[in-house]
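I opened the model to record its overall dimensions, its division into domains, one sheet and one buried site. The entries follow in the order in which I looked them up.

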Protein chains: 2
Amino acid sequence: MSEQRVIRPTPISGFPEWLPEIRSVEQRWLDHIRAGFERYGFASVETPSVENLDVLMAKGETSKEVYTLHRVQEEEGGDSEARLGLHFDLTVPFARYVAQHFNELAFPFKRYQIQRVWRGERPQEGRYREFTQCDIDVINVDGVPLHFDAEMPRVVHEVLAGLDLPAWTLSINNRKVLQGFYEGLGIADPLAVIRAVDKLHKIGDDGVRAILTDEGLSGAQIDSCLELARVKGADRSVVDAVAKLGAESDLLTEGLEELGFVLDSLADLPEGSVVADMSIARGLDYYTGTVYEAAFDDDPGYGSIVAGGRYENLAGQFIRRNLPGVGISIGLTRIFAKLVAEGRLPAGRTCPTDVLVAVPSAERREEALRTGALLRSRGFNTEVFHQASKVGKQLQYASKKGIPFVWFPPFADGRPHEVKDMATGEQAEADPALWERPAR
Amino acid sequence: MSEQRVIRPTPISGFPEWLPEIRSVEQRWLDHIRAGFERYGFASVETPSVENLDVLMAKGETSKEVYTLHRVQEEEGGDSEARLGLHFDLTVPFARYVAQHFNELAFPFKRYQIQRVWRGERPQEGRYREFTQCDIDVINVDGVPLHFDAEMPRVVHEVLAGLDLPAWTLSINNRKVLQGFYEGLGIADPLAVIRAVDKLHKIGDDGVRAILTDEGLSGAQIDSCLELARVKGADRSVVDAVAKLGAESDLLTEGLEELGFVLDSLADLPEGSVVADMSIARGLDYYTGTVYEAAFDDDPGYGSIVAGGRYENLAGQFIRRNLPGVGISIGLTRIFAKLVAEGRLPAGRTCPTDVLVAVPSAERREEALRTGALLRSRGFNTEVFHQASKVGKQLQYASKKGIPFVWFPPFADGRPHEVKDMATGEQAEADPALWERPAR
């Protein structure tokens, strides 16, 4: 065979790929998440993998990470594709989608979107260049009821509860609380403080203090900011704790009311599901109210596995309408790949086949094909062995692929069908029109 | 709202995007196809969207169409991404996958792969730059039994039969028949004839005659080639018709045996499902035996909606093993987009919600949330209206979104629940723990 040159394939860093037994689990996760989103009435949307670059760059922040497309041989006189980039999240494409199809959608518009996204980041633990996100968002004209801010964590909690993950916590905050609090302290540039506090978990109190000193804040102001960041709790008591810190502003009052509403609405979730944490800021500039962020309890440094928040003006960039939204995103690949790498994911099946129909001889092949067709029509995933050969070889194939049942059509006219349970080794007569899979 | 500049979004030519009521149909199609593939025991595989360029270029043919990735701001001193390109089909990535994971797979390895692919083609009717393909392939070590050549059309026939498509026909041929026949005529370069005959439907007899004359064929040879191309039929009679044309070679005999086997195996399919057509050549160089190609009966010029064949040496480029394969691909987007454009696709639901739970007053919101949770736990996709408001407004929302049932929790303690069937207008008492959706 082949004297030709071999192009030895190598894994591409940052682009995960799974063996079938892992992929089957990922597919089950995706189906589960999809069903969970639909259970709450979110409609499926997919957008192209690419957007025009000016759409992707509207917020400017992640420009370095955007992959642009080029053709191997660009056509002469034109560089039309140079304006296309792969999307780096699903929120910007969704905002663009709503603006573009505004007249054809019913509002409040609730959609889920499960797609791959791409970021040209330097690969490192938990960071991928191609990964799947599972997003739900609501966009509405002129205002999104707070109901949805409370719904987002509930949906994610319910969905992820079915996936048997290691313990994780969803932290909630409200940007109005932070901004209103800083304003109440008389700080001129609250956004600068938000950006500094967002780094608290990485650089610690001293790091934040240094930045805020440079920003011109007084020692007392900095102390108050850090005091706020330490407020944390599972219920409405957090609202009182913040109020007691003494800062006052209309925005703070509004933010605390919103935060209180969301916490009250989630009070029935299992303990530890949700915590209000005043140190959570979310770096992105477009968040304006509620923000969400979740991490694994035993590895918080791994990065957020769920994130989102309320944004007032993302779709409004693309149309002269006020189209605020709120959404949350499950970082599927980040969660999944970690469990795979740590061996914490029970492997799934290598193939979906329930029954392998054996072909004892070429003469009985037609009988085997008919039997396979009958079993399929009854809902069993069924392979017919691909050639007449020794029974031992066919059993070995079933065993290697983890196929749970091997079916033997009659080896002669008038003889019965038999089926072998590969787990128990038992073999018994069976009728392909009536057989049911034994319960285990 | 917003004095800022509006970036008006425009559709990107060649990158389809659907409204929710179309997307829900596409999702149903994808689920149906997936289930059909699994019914035959094909395992799910996904590969990254990108491959190293040398993998994509191994066959060299489509280089102009490959999109390469670049970062907006390439890092200094490095251009590492320049070696990555988006895959243009799923066969090459699969061949690479099998070679790369060779030691971890069980053979014959049957996989399905449903993913987007990208081609930097000039957009035209039926051609997209991003589109979804649904592929099944089998790769085996040292030889793929003919059983699989027969299985491919059967699976596709069964799967597409469930999608209520306009009539279409799958044409089958075998490259060994063509090549063996031309060899039997004493033609030195049979591949050149295959490439010419592949253009027959576009350029006609005269066009092919002109090319073959340039190739140095005699008038009698050309007559025989065109005679072969006219042979067509639904069953084994085709084999006899070819044999009668007088050319003889071992390869022709082998090809006719294979073709006969495949046709015999498919004899039970509905009439017109499959036709052997000696004018089908498939342009790609890597096909070596059975080839498949399907088109809509009423619009054959639209291009192939299903295509595939047997390839002996695709995975062998990436590893020093003999890894032949056979596969078939459903051009999902090409089929789907045509039906959408022609208005032949009944629109689906705009949202998956079965029941909207009304919130008559803020005081009853908790009751509404509890009712929603109960209905969800019983498997109904349920939204709770996002704020207390007039019943008329809530009914209007349900009507606009096509939600079939509106649920009214008790407006006071001790009163019953009621549910309104939006299709009939009937409203009746109901228990959320027992209610079943009326059969229609």
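**Entry 1: surface and extent.** I looked up the surface first and found that chain A exposes about 17800 Å², of which carbon and sulfur atoms supply 48%. Accessible areas come from the Shrake-Rupley method with a 1.4 Å probe, and for residues only the protein chains shown count as cover. I note that this is a predicted model in which local features need pLDDT of at least 70 and side-chain atom pairs count only at pLDDT 80 or more, whereas totals for chains, interfaces and linings use all residues. Residues are numbered from 1 along each chain as its sequence is written, chains are lettered from A and ligands numbered from 1 in the order in which they are written, and side-chain values use heavy atoms, with hydrogens and water left out.

The C-alpha trace of chain A spans about 95 × 60 × 45 Å along its principal axes. I found a radius of gyration of 28 Å for chain A, against near 22 Å for a compact globule of 440 residues; the radius is taken over C-alpha atoms, and the globule rule is 2.2 Å times the number of residues to the power 0.38.

**Entry 2: domains.** The assignment for chain A gives domain 1 (20-166 + 298-341) and domain 2 (355-430), with bounds from an automatic or database domain assignment. The centres of the two domains, taken over C-alpha atoms, are separated by 45 Å.

**Entry 3: secondary structure and one sheet.** I counted 13 helices and 17 strands in chain A; these are DSSP runs numbered from the N terminus, helices being H or I of at least four residues and strands E of at least two. Which order do the strands of the open sheet take? The five strands of chain A run S14-S13-S15-S16-S17, with mixed pairing. Strands S14 (382-384) and S17 (427-430) of chain A are the edges, each pairing on one side only. Two strands pair if DSSP finds at least two bridges between them. In chain A, S13 (residues 355-357) is joined to S14(A) by three bridges, and the two run parallel. Within this pair, Val355(A) stands opposite Thr382(A).

**Entry 4: a buried histidine.** I then examined His147(B), which lies in helix H4 (residues 147-161) of chain B. His147(B) is buried, at a relative accessible area of 3%; buried means under 20%, exposed over 50%, and partly exposed in between. Not counting residues up to four places away in sequence, His147(B) touches Arg365(A), Leu369(A), Val384(A), Phe385(A), His386(A) and Phe261(B), contact meaning heavy atoms within 4.5 Å.

Terms used
Buried means under 20% relative accessible area, exposed over 50%, partly exposed in between (1.4 Å probe, protein chains only).
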